[in-house]
Amino acid sequence: MKHNFKAIEKKWQAAWEKDEIFKAVDGSDKPKFYGLVEFPYPSGAGMHVGHIKAYSSVEVVSRKRRMQGYNVLFPIGFDAFGLPTENYAVKTNTHPRKITDDNIKKFTTQLKSVGFSFDYSRTIDTTQEDYYKWTQWIFLKMFEKGLVFRDKTLVNYCPHCKVVLSNEDSQGGKCDICDTDVIQKEKDVWYLRITEYADKLLQGLDGLDFPENIKQQQVNWIGKSKGAFVNFTLEGIEDKLEIYTTRPDTLCGVTFMVIAPEHPYIDKYADKISNMDAILAYRAECQKKSEFERTQLVSKDKTGVRVEGFDAINPITGKKIPVFISDYVMMGYGTGAIMAVPAHDQRDWDFATKFGIDIIPVIEGGDVTKEAYTGEGNMINSEFLNGLNNKKDSIDRMIQELEKLGCGKAGVQFKMKDWAFNRQRYWGEPIPIVHCPTCGDVAVPYEELPLKLPVMEKFEPGTDGESPLARVESFVNCKCPKCGGDAKRETDTMPQWAGSSWYFLRYIDPHNDNEFAAREKLNYWMPVDWYNGGMEHVTRHLIYSRFWHHFLYDLGVVNTPEPYKKRSAQGMILGEDGQKMSKSRGNVIDPLDIVDAYGADTLRTYVLFMGDYGAAAPWSDASVRGCKRFLERFAGLTDIITDEANSEKIETGIHKTIKKVTEDIEAMKFNTAIAAMMGLLNDIVAEGHITKDNLMLLVKILSPFAPHLCEEMYAELGGEGYCSLSQWPEFDPKKIVESSIEIAVQVNGKLKATITIPNGCDKDEALAIAKADENVAKALDGKNLVKEIYVPNKIVNLVVK
Ligand code: ANZ
Ligand code: ZN
C-alpha cells in the first residue's frame with residue numbers, strides 16, 4: 001500500500017478517540033503500568049520537538065505494555081501557573097485565565113495530531129480550582145505538621161521579575177526565568193522545611209531505578225556533610241562561639257576564627273567591639289554581593305576585618321586566637337562561623353597569607369609555605385593525636401576528646417536549604433493563611449478551600465515587589481478563622497513548582513471532590529513505573545515532588561514513600577547547526593511542520609532514531625526523509641505478500657528482530673530497535689516476498705513507533721480490532737538459532753580462514769572442517785601441531801612449532 005499519511009493519521013486518531021481505546025481502567029485485575037512524562041507548561045509558542053522526544057519514549061513503552069496485556073495509565077496535563085503567562089498577560093492586558101485556556105487548547109490539538117496514546121479523560125490543569133484546592137490542602141497539612149514557617153531573611157531576589165527565588169531557581173547567581181543577576185534582599189519568606197526530609201530523600205534513592213548521574217546530582221544537591229560542632233570560648237563573653245567543621249582532627253592547627261558578616265554576635269556584642277564602624281562598613285559591602293559571588297567567585301584575594309573586642313580560645317591548645325569577619329563564610333551554612341586552619345584549607349591559607357596570620361601544619365606532607373596541604377599524613381603538633389595517620393581515626397579521637405571536655409560533638413550538615421515558597425505574583429495558588437493581630441498566622445479552614453484567586457484586571461506586581469493580590473481589598477480583608485476578629489490574608493502566591501509536586505497523584509483520580517485521590521486507586525496505580533523528563537528538573541521538580549510524596553506517606557495518605565520507581569531522561573534536540581534551538585538563531589524546528597510534510601509516524605520514528613536517547617543530537621532533515629522512506633517501503637510490503645514460505649535467513653531475521661525490538665525498548669535503545677527493523681526490511685525486499693503471518697508480526701512490533709501506518713496495515717491484513725490493542729509477538733527461540741555459523745580459524749594467533757560449521761558442533765568436527773581449509777592446511781604443512789583450541793561457536797586456534 002501507499003503511505004498515505006494524511007488520510008491514515010486523521011482516520012486512526014479519530015477512531016482511537018471515538019472508541020476511547022487508551023482509557024486506563026480503575027480496579028482492573030490486569031497488571032498495571034503507570035507511565036509518566038513531565039507535563040508541559042502551556043506556553044504560547046506551543047509544542048516544540050523536545051516535547052515530542054520527551055514523550056515518545058514512555059509512549060512507545062506504554063503502547064508496548066498495552067499489547068503485552070497491561071492495564072496502562074499514560075496521562076497528560078498542564079502545569080499552567082507561572083511567570084511566562086503572567087508576563088504575557090501584563091504585556092497584552094489579557095487575563096491569564098484566557099491565555100492559559102487558549103494555550104491548552106492549542107497544545108491539546110497539537111498533541112493529538114502526533115497520535116500519542118494519552119488518556120485524555122484524565123487531563124488536569126494545575127490552575128483549575130478543583131486542582132489547586134488540593135495543592136492548598138497539602139500546604140495546609142504541612143503547615144499543621146510544622147513544616148511551614150515564616151522568616152525575615154536575605155533572599156535571592158530577581159529585580160527584573162520582581163520575585164524571590166529559591167536557591168534552586170537561582171543557580172549560578174542568575175534568575176532561572178530571565179537570566180538577570182539576582183541580588184540579596186530582605187523579605188518575608190514562607191519556607192517549606194524540606195531539610196527535615198534531607199536524610200529520607202538521600203536514603204530513598206537507594207532502591208530506585210534512576211540513572212547514576214541523576215542520583216549523583218540529587219546526592220550533591222542534598223549535600224550531606226559529616227563533621228563536628230565545636231564551641232570556642234570567647235574572652236570576656238558568656239556565649240560560646242559555635243562552629244561547624246568537617247575536620248575536627250585539625251583543631252590544633254586553628255590559628256584564627258572567621259564569622260559571617262551577618263553573624264548575630266556582631267550586633268549582640270556591639271558594645272564590646274571597638275571597631276564597629278569598620279565592621280558595619282564591611283558588612284554593607286558584602287550585602288551587595290550575591291551568595292553565588294561569595295561562594296564561587298571569591299578570588300584568592302580574601303577580604304575581612306578583625307573583630308577588635310573579643311578573641312577566642314582554642315579548646316585543645318588553650319591558645320588565644322583572633323576572630324575576623326569575612327565574606328567567605330556564609331551565614332546560611334553550618335553555624336555561620338568557622339575555625340580556620342590555614343595549613344590545610346586553601347581559603348584559610350589565602351586569608352592567613354594576606355593578613356599575616358600563623359600557619360601551623362598538623363598533618364605531615366606538602367609545603368605549607370606555598371599552599372595548603374589537603375592530603376593525608378602523620379599527625380604532628382597535635383598533642384594526643386600525634387603519630388596517628390588515618391584521617392577517620394584522628395577525627396573520631398578528637399570528637400571523643402571534645403565530648404569529654406564538653407565543648408563539642410559529632411554532627412551533620414546539609415547543603416540543601418529550606419524551600420522559599422512564596423512569590424509576589426498573581427498567577428499562582430494563593431497561600432491559604434490569614435494574619436491575625438491576635439492569633440498570628442492562622443490556617444484557612446479546610447472547608448473553605450479552594451481559596452480562590454480573585455479576578456483582577458491589572459496584574460503588575462507592586463512597586464516594591466509586592467504581590468498584586470495586596471491591591472484587592474475584598475481579598476485581603478477577612479475575619480480570623482480562630483477568633484473572628486479583623487484579619488488580613490496572605491497575599492503572596494505559591495511558586496510554579498507547587499502544582500507539579502503532586503500532579504501524578506491527581507491523574508489517578510482527577511475528578512474526585514472529596515480527596516485528592518481515593519486511597520484504593522492510589523494503592524492500585526502507585527508508584528509510577530516509569531517517569532521520563534528533562535535533566536534540568538533533576539534538582540528541583542524531582543526533589544520537590546519526592547519531598548511532597550514522602551510527606552504524604554508520613555501523613556498516611558499514600559502507600560509508598562517514593563513516588564517514582566524508574567526515571568529516565570531524554571537528550572536535547574539541537575538545531576541542524578549543532579547549536580541549541582532558539583528563535584534568535586533561527587534554527588527552531590516546528591514539529592507540526594514535520595507532521596504536515598512527512599506525517600506524525602515519521603516524526604515519532606525520527607526522534608527516537610536520531611541517536612542515543614539520552615544524548616544530545618542535532619536535527620537532520622536528511623535523516624527525517626530517511627525515516628519517511630523507511631515507512632513508505634514498509635507500507636509497500638503489503639504489495640509483496642505471497643504464500644511462499646520465507647527463507648531461513650528471513651525467518652531467523654524476523655524472530656531476531658522481534659527479540660531485539662522487545663529488549664531494546666526496555667533498555668531505551670530505540671535507535672537500534674528501529675535500525676534492526678530497517679535492516680530486516682532491506683533483506684525482505686531483496687528476497688522479494690513475505691508471508692502474511694510474518695508481515696503481521698512486523699506490523700505489530702513497529703506499531704508503537706508508527707502506530708497510524710501500522711493500524712492501517714493491520715486492518716488491511718485482516719487483523720481483529722485494533723493493532724494498538726493486539727497481542728505483542730513473542731519470538732520463537734528455535735527460529736533464532738541458525739543452523740550454521742561462521743567462525744575464524746587462527747594459526748599461531750594469525751587469521752588464516754573463516755569457515756562455516758554446523759551450529760553447536762563438537763570440537764572434532766570443527767577441527768576437521770578447519771584443517772580441510774586450503775589456507776589452514778598450507779599453514780600447517782610441515783609443522784608440528786602442538787595445541788588445538790576450540791571455543792564453541794567462536795573460534796579455532798591452532799598452535800604449531
Ligand atoms: C576546619 C577545616 C580544616 C575545614 C580543613 C576544612 C578543611 P563542607 O564539606 O562543605 O561541609 N565551613 C563551615 N561552615 C562554613 C560556612 N558557613 N561558610 C563557609 N565555610 C564554612 O565543608 C565544611 C567546611 O567548610 C568546614 O570544615 C569549614 O572549614 C568550612 F583542613 O573547618 B573546615
Ligand atoms: Zn485571630
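**Exercise 1. A contact in helix H20**

Which side chain does the side chain of Asp664 join in a polar contact of 2.7 Å? Place Asp664 in the predicted model, and decide whether Asp664 is buried or exposed.

*Solution.*

Step 1. Begin with the partner: the side chain of Thr672 makes the 2.7 Å polar contact with the side chain of Asp664.

Step 2. Locate the residue. Asp664 belongs to helix H20.

Step 3. Check the accessibility. The relative accessible area of Asp664 is 5%, and the limit for a buried residue is under 20%. Asp664 is therefore buried.

Step 4. List the other contacts. Leaving out residues up to four places away in sequence, Asp664 touches Lys669, Phe670 and Ala673 as well as Thr672.

**Exercise 2. A salt bridge between two helices**

Find the salt-bridge partner of Glu666, and state which helices the pair ties together.

*Solution.*

Step 1. Identify the pair. Glu666 and Arg65 form a salt bridge, and their closest N and O atoms are 2.9 Å apart.

Step 2. Assign each residue to its helix. Helix H20, residues 648-666, holds Glu666, while helix H2, residues 49-67, holds Arg65, so the salt bridge ties together parts that lie 601 residues apart in sequence.

Step 3. Look up the accessibility of both ends. Glu666 has 29% relative accessibility and counts as partly exposed. Arg65, at 10%, is buried.

Step 4. Add a second residue of helix H2. Ser56 also lies in this helix and is buried, with a relative accessible area of 1%. Apart from neighbours within four places in sequence, Ser56 is in contact with Phe116, Val607 and Leu608.

**Exercise 3. Salt bridges over short stretches of sequence**

Describe the salt bridges Glu401 to Lys404 and Glu20 to Lys23, and classify the four residues by accessibility.

*Solution.*

Step 1. Take Glu401 and Lys404. Their closest N and O atoms are 3.6 Å apart.

Step 2. Explain the spacing. Both residues sit in helix H12 (residues 391-405), and because they are 3 residues apart there, about one helical turn separates them.

Step 3. Classify the two ends. Glu401 is buried at 12% relative accessible area, whereas Lys404 is exposed at 64%.

Step 4. Turn to Glu20 and Lys23. Their side chains meet in a salt bridge with an N to O distance of 3.7 Å. Glu20 is partly exposed, with a relative accessible area of 46%, and Lys23 is partly exposed at 39%.

Step 5. Widen the search. The whole structure has 49 salt bridges. One network of salt bridges links Asp26, Asp119, Arg122, Asp509 and Lys521.

**Exercise 4. The surroundings of ligand 1**

Describe the shell around ligand 1: how many residues surround the ligand, and which are the closest?

*Solution.*

Step 1. Count the shell. Ligand 1 is surrounded by 17 residues, with Ser225, Thr245, Met330, Tyr333 and Lys415 the closest.

Step 2. Sort the shell by class. The shell has 8 nonpolar, 5 polar and 4 charged residues.

Step 3. Find the strands that take part. At least two shell residues come from strand E9 (240-245), and at least two from strand E15 (337-340).

Step 4. Collect the short distances to polar atoms. One oxygen atom of ligand 1 lies 2.7 Å from an N or O atom in the side chain of Ser225. A polar backbone atom of Thr246 is 3.0 Å from an oxygen atom of the ligand. A nitrogen atom of ligand 1 is 2.7 Å from a polar backbone atom of Met330.

Step 5. State the cover. On its own, ligand 1 has 640 Å² of accessible area, and the protein covers 86% of this.

**Exercise 5. The protein as a whole**

Summarise the protein by its secondary structure, dimensions, burial, contacts and surface.

*Solution.*

Step 1. List the elements. The protein has 26 helices and 29 strands.

Step 2. Give the dimensions. Along the principal axes, the C-alpha atoms fill a box of roughly 100 × 85 × 50 Å.

Step 3. State the burial. The protein has 801 residues, and 55% of them count as buried.

Step 4. Consider the contacts with a separation of 6 or more. Residues 24 or more positions apart make up 72% of these contacts.

Step 5. Finish with the surface. About 34,200 Å² is exposed, of which carbon and sulfur atoms supply 49%.

Key. Residues numbered from 1 in each chain as written. Chains lettered and ligands numbered in written order. Predicted model: local features only at pLDDT ≥ 70, side-chain atom pairs only at ≥ 80, totals over all residues. Heavy atoms only, no water. Near = heavy atom within 4 Å. Polar contact = N/O pair within 3.5 Å; in protein donor to acceptor, adjacent residues only side chain to side chain. Areas by Shrake-Rupley, 256 points an atom, 1.4 Å probe, with all protein chains shown as cover. Helix = DSSP H or I, 4+ residues; strand = E, 2+ residues; numbered from the N terminus. Nonpolar A, V, L, I, M, F, W, Y, C, P; charged D, E, K, R; others polar. Buried < 20%, exposed > 50% of the residue type's maximum accessible area, 1.4 Å probe, protein only. Contact = heavy atoms within 4.5 Å. Salt bridge = Lys/Arg side-chain N within 4 Å of Asp/Glu carboxyl O.
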